[in-house]
Amino acid sequence: MLGLPLEAIVIALLTALAAGFVRGLAGFGLSVVIVPVLALTIAPKEAVLVGNISLFLIGLTDIGRIRRDADRSAIPITLLALACMPIGLWALVTLSADWARLLIAMVSLGAFVLVVVPLGKVAMPRKSAMGLSGFFTGFFGGFAGMPGPGMAPFYLRGRLEPRAARASMMAIFLVLTPLSSLLFILLGVGGMREVLLALLLFPAVLVGDLFGHAAFGRVSARQWQVSVALVLGGAAAGALYKLLEG
């Protein structure tokens, strides 16, 4: 099926279920979970494309939630991310694999540190923080198909309630992922097979996402922050493993 062995399809479906749950709970993290597993059987760039398409498809199911709960900060961050995404795509097709691993590890680890390390009275002006968030969201989205680490520190360090923060991240994904996917295809990275694979995995992503939404309604703000930090920590650990392995 799609040129992949049956066991690879089964593993991808189970991973998609877990990735959907993480996304439904945290508001991001689908690509963080699913891309590394897919990259074991297909080319990493094609795995990123499948992750982007999956993010867009699941985002369509949350339009009502986004319109109801998202904060207006998602608008300038999205616009900045769109402007910076070509830089990430340029880096994707230009940098060597070793430099790519190093950059992904640095950004993932930096996002994790910004979320979990107490900063005391250190604070950045909101507009400056939004600017950095927009840049790294666009760059990391174009470069690795994982814009979440770029925006998560802003929304976790901000004053928004978890519901608004999560919906804001979902809104940004909904705009970025279809454009990123289109650019990938225009650059010759993937094609119909990746689209079909994303469609095949979508039911599992949807079921996991529904369970994630249900779990979100039962956790406190602190528990939600911890769950997001764990997702970022997993991304950082995976990136560091790839770096050391390479």
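## A greasy patch on the surface

In this predicted model, five residues come together as a nonpolar surface patch: Ile87, Met124, Leu132, Phe135 and Phe136. The patch covers about 420 Å². Helix 7, which spans residues 126-144, chips in the largest share, with three residues.

Ile87 comes from elsewhere: this residue sits in helix 5, residues 74-94. Its relative accessible area is 39%. Patch residues need over 30% relative accessible area, so Ile87 clears that bar at 39%. Phe135 does too, because its relative accessibility is 31% and the cut-off is over 30%. Both Ile87 and Phe135 count as partly exposed.

## Phenylalanines on helix 7

Now for the rings. How many aromatic pairs does a search of the whole structure find? The search turns up four. One of them is Phe135 with Phe139, a stacked pair with 6.1 Å centre to centre and 15° between the planes. Why call this pair stacked? The planes are 15° apart, and anything under 30 degrees counts as stacked, so the label follows.

Along the chain, Phe135 and Phe139 are four residues apart in helix 7, so about one helical turn separates them. Is Phe139 buried or exposed? Phe139 is buried, with a relative accessible area of 11%, while its partner Phe135 is partly exposed at 31%. Add Phe136 and you have one aromatic cluster: Phe135, Phe136 and Phe139. Two members of that cluster, Phe135 and Phe136, also belong to the nonpolar patch.

## Helix 8, mostly under cover

Helix 8 runs over residues 148-157, and nine of its ten residues are buried. The buried set includes Gly148, Pro149, Gly150, Met151 and Ala152, and also takes in Pro153, Phe154, Tyr155 and Leu156.

Two of those buried residues, Phe154 and Tyr155, make another aromatic pair. Here the arrangement is edge-to-face, with the ring centres 5.0 Å apart and 85° between the planes. Phe154 has a relative accessible area of 11%, and Tyr155 has 2%. Buried means under 20%, so Phe154 at 11% qualifies, and so does Tyr155 at 2%.

## An arginine over a ring

One last contact to look up on screen involves a charged side chain and an aromatic ring. Which residue lies over the face of Phe216? That would be Arg166, at 3.7 Å from the ring centre.

Technical notes
Residues numbered from 1 in each chain as written. Predicted model: local features only at pLDDT ≥ 70, side-chain atom pairs only at ≥ 80, totals over all residues. Heavy atoms only, no water. Patch = residues over 30% accessible without salt bridge, like charges linked within 9 Å, V, L, I, M, F, W, Y side chains within 5 Å. Areas by Shrake-Rupley, 256 points an atom, 1.4 Å probe, with all protein chains shown as cover. Salt bridge = Lys/Arg side-chain N within 4 Å of Asp/Glu carboxyl O. Helix = DSSP H or I, 4+ residues; strand = E, 2+ residues; numbered from the N terminus. Buried < 20%, exposed > 50% of the residue type's maximum accessible area, 1.4 Å probe, protein only. Phe/Tyr/Trp six-rings, centres within 6.5 Å; stacked < 30°, edge-to-face > 60°. Lys NZ or Arg CZ within 6 Å of the ring centre and 35° of its normal.
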